[in-house]
Each structure stands twice: as structure tokens, then as C-alpha cells.
Amino acid sequence: MKILLINGGKAFAHSNGELNATLHELARGELAELGHEVRETVIVDGFDAKVEVEKQLWADLIIYQTPGWWMGSCEEKSLRTQ
């Protein structure tokens, strides 16, 4: 199966986004070990909208790893368009 992992964790107050990063890395390793094709996006590293659309069209399954308190949109500085 083709799986896209999206890590939406980010530093906030006392949290450094470590739990989200840990769970993201665990999922990536386990899914790859099970033979799945895995691609990923880490929101705070920035992303290109056109590339993300291609990844989402490619994927059979998309997994969003986000903070439990996150009720807003992705960090606004992360979006880069061409």
C-alpha cells in the first residue's frame, strides 16, 4: 500500500513537538518494515503545494499525525507556492 504520513507537530509553549515526531518516526519505520511504500511531509519544514497534491494523489492512505490540542490550520509560514 502507498501511504503518505503528514507530521503536523510543532513547538508550542512547553512542548517541542517531540511526541508527534516520535509517533511519526515509529509509524514510518513500522509501515516500511511491513512492506508499504511510505512518503512523508513534515509541516514545519515547509512544503510545496504542487508537490503535496501529487503526494496525495499518489497515496492509497493518508495519515495525519497532529497535536491533540491543534484546532487550527497548518502553520502559515509553511506554505510555499511556485
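Q: Why are the side chains of Glu25 and Arg28 said to meet in a salt bridge?
A: The term requires a side-chain nitrogen of Lys or Arg within 4 Å of a carboxyl oxygen of Asp or Glu. For Glu25 and Arg28 the N to O distance is 2.1 Å, so the pair satisfies the criterion. The model is predicted: local features need pLDDT of at least 70 and side-chain atom pairs count only at pLDDT 80 or more, while totals for chains, interfaces and linings use all residues. Residues are numbered from 1 along each chain as its sequence is written, and side-chain values use heavy atoms, with hydrogens and water left out.

Q: What separates Glu25 and Arg28 in helix α1?
A: The two residues are three apart in helix α1 (residues 18-33), which means that about one helical turn separates them. Helices here are DSSP runs of H or I of at least four residues, strands are runs of E of at least two, and both are numbered from the N terminus.

Q: Why does Glu25 count as partly exposed?
A: Partly exposed denotes the range between buried (under 20% relative accessible area) and exposed (over 50%), with a 1.4 Å probe and protein chains only. Glu25 has 39% relative accessibility, so the residue is partly exposed. Arg28, with a relative accessible area of 30%, is likewise partly exposed.

Q: How do you know that the side chains of Glu40 and Arg28 meet in a salt bridge?
A: The N to O distance between Glu40 and Arg28 is 3.0 Å, so it falls within the limit for a salt bridge. Glu40 belongs to strand β2 (residues 37-42) and Arg28 to helix α1, so this pair ties together parts that are 12 residues apart in sequence. Glu40, at 27% relative accessibility, counts as partly exposed.

Q: What makes Lys55 and Glu52 a salt bridge, and which of the labels buried or exposed suits Lys55?
A: Their side chains meet at 3.3 Å, N to O, and the pair therefore passes the salt-bridge test. Lys55 has a relative accessible area of 15%, so the label is buried. Glu52 is also buried, with 10%. Both residues lie in helix α2 (residues 49-58), three apart, about one turn of the helix. Elsewhere, salt bridges with shared partners join Glu25, Arg28 and Glu40 into one network. The rule yields three salt bridges.

Q: What makes Met1, Leu61 and Ile63 a nonpolar patch on the surface?
A: A patch is built from residues with over 30% relative accessible area and no salt bridge; nonpolar side chains (Val, Leu, Ile, Met, Phe, Trp, Tyr) are joined within 5 Å and like charges within 9 Å. Ile63, in strand β4 (residues 61-65), has 32% relative accessibility, so this residue passes the area threshold. Met1, Leu61 and Ile63 together have about 250 Å² of accessible area, a Shrake-Rupley value with a 1.4 Å probe, for which only the protein chains shown count as cover of residues.

Q: Why is strand β1 described as largely enclosed?
A: Five of the six residues of β1 (residues 2-7) are buried, so the rest of the structure largely encloses this strand. In the chain, buried residues make up 29% of the 82 residues.

Q: How do you know that β1 is joined to β2 and to β4?
A: Two strands pair if DSSP finds at least two bridges between them. There are six bridges between β1 and β2 and five between β1 and β4, so both pairs satisfy the rule. The strands run parallel in the first pair and in the second. Ile6 stands opposite Thr41 in β2.

Q: Why is Asn7 called buried?
A: Asn7 has a relative accessible area of 6%, so the residue is buried. Asn7 lies in strand β1, and its bridge partners are Val42 in β2 and Gln65 in β4. Contact means heavy atoms within 4.5 Å; leaving aside residues up to four places away in sequence, Asn7 touches residues including Asn20, Ala21 and His24.

Q: What makes β1, α1 and β2 a right-handed β-α-β unit?
A: A crossover is right-handed if, with the strands pointing away from the viewer, the path from the first strand over the helix to the second runs clockwise. The unit formed by β1, α1 and β2 is right-handed, so its path runs clockwise in that view. Along the sequence, the chain follows the pattern β-α-β-β-α-β-β.
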